[in-house]
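Biologist: Could you take me closely through the pocket in this model, and then through the packing of the helices around it? I would like one connected account rather than a list.

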Amino acid sequence: MNRLEEIYYEAKSDKWFKRFALFCRVALAASFLPAGYIKIIGERFAAGLPSSNPLGHYFDALILTGYYYTFIGIVQIIIAILLLIPKTSLLGALMYFPIIINICVLTYATRFDGTRLNTMLILACLFLLVWDYDRLKYILPFKQSKIDPVVLRKPLGNRLRIIFFGSCIAVLAIIIIGTFYLYEITPGNSEEECRNGCAANPGACGFCDCIYKEGKPLDSCLAAYDKAKDVQRSDAK
């Protein structure tokens with residue numbers, strides 16, 4: 001085995017990493033169970049999100065797709081159940097990953113505040129896929145080396161826990177702080193939330209009116225906002 005594989009098998013045998021893998025499985029399942037149930041009973045997902053919100057437009061259209069909407073909910077429930085069962089958790093993670101990638105891109109594209117949580121869910125799913133590397137590696141397009149007995153020549157011990165969980169905290173901090181400064185302006189989850197920035201940025205009021213009063217697409221409102229900023233700069237000169 002190479003050094004990375006030694007570290008991997010050391011982590012697989014560590015009780016703290018096993019608990020973290022269990023936590024990730026439960027967290028991913030918990031994210032899909034309520035979302036799937038709402039779709040199965042035919043209610044609009046994120047009912048509190050206004051229809052004039054860019055992501056609200058999407059949910060309004062999605063619920064009108066009939067049994068496709070129900071199908072999505074059933075799949076989410078199945079994936080959640082697979083994640084909770086140890087023997088099927090890998091299959092659940094494999095099914096979960098492309099769906100959460102799609103959801104994450106959607107929330108980033110619409111500048112939804114939930115992008116932080118979705119990014120964390122992607123990382124949790126990636127951890128589970130790496131956690132089951134010993135089972136997953138046989139379908140990867142890489143040359144497989146001969147399997148040797150697991151012998152840890154230089155175990156890291158507590159250092160491995162400190163490095164990993166310390167890195168997790170650092171990554172979470174980067175996600176939270178990075179997404180906070182990612183966009184200059186966002187529609188928020190409501191008109192009131194959008195208008196919170198009007199005092200510091202008068203141009204934000206026009207953007208909020210464009211989204212929530214005029215019901216225009218996000219790209220059109222952003223273009224109008226940028227144009228208004230250019231006019232303000234020209235007048236200031």
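Modeller: What follows describes the largest pocket and then turns to the nonpolar cores. The model is a predicted one, and its largest pocket has a volume of about 710 Å³. Of the 29 residues that line this pocket, those closest to its centre are Ala35, Lys39, Phe45, Gln76 and Ile103. The elements that each give two or more residues to the lining are α2 (15–40), α3 (54–63), α4 (67–84), α5 (89–109) and α6 (115–131), and the largest share, seven residues, comes from α5. Sorted by class, the lining holds 22 nonpolar residues, six polar residues and one charged residue.

From the pocket we can pass to the packing. The largest nonpolar core has 27 residues, of which Cys24, Leu28, Leu83, Ala93, Tyr96, Phe127 and Leu128 touch the most other members. At least two residues of this core are supplied by each of α2, α4, α5 and α6, while the largest share, eight residues, comes from α6. Looking at one of the residues named for this core, Ala93, and leaving aside residues up to four places away in sequence, one finds that Ala93 touches Leu83, Cys125, Leu128 and Leu129. Apart from the largest core lies another one, made up of 13 residues, and among its members are Cys198, Cys210, Ile211 and Leu222.

Key
Residues numbered from 1 in each chain as written. Predicted model: local features only at pLDDT ≥ 70, side-chain atom pairs only at ≥ 80, totals over all residues. Heavy atoms only, no water. 1 Å grid on protein atoms, 1.4 Å probe; cavity = no way out; pocket = protein on both sides within 12 Å on 5 of 7 lines; lining within 4 Å. Points joined across faces, edges and corners; volume = space filled by probe spheres on them. Helix = DSSP H or I, 4+ residues; strand = E, 2+ residues; numbered from the N terminus. Nonpolar A, V, L, I, M, F, W, Y, C, P; charged D, E, K, R; others polar. Core = buried A, V, L, I, M, F, W, Y, C linked by side-chain atoms within 4.5 Å. Buried < 20%, exposed > 50% of the residue type's maximum accessible area, 1.4 Å probe, protein only. Contact = heavy atoms within 4.5 Å.
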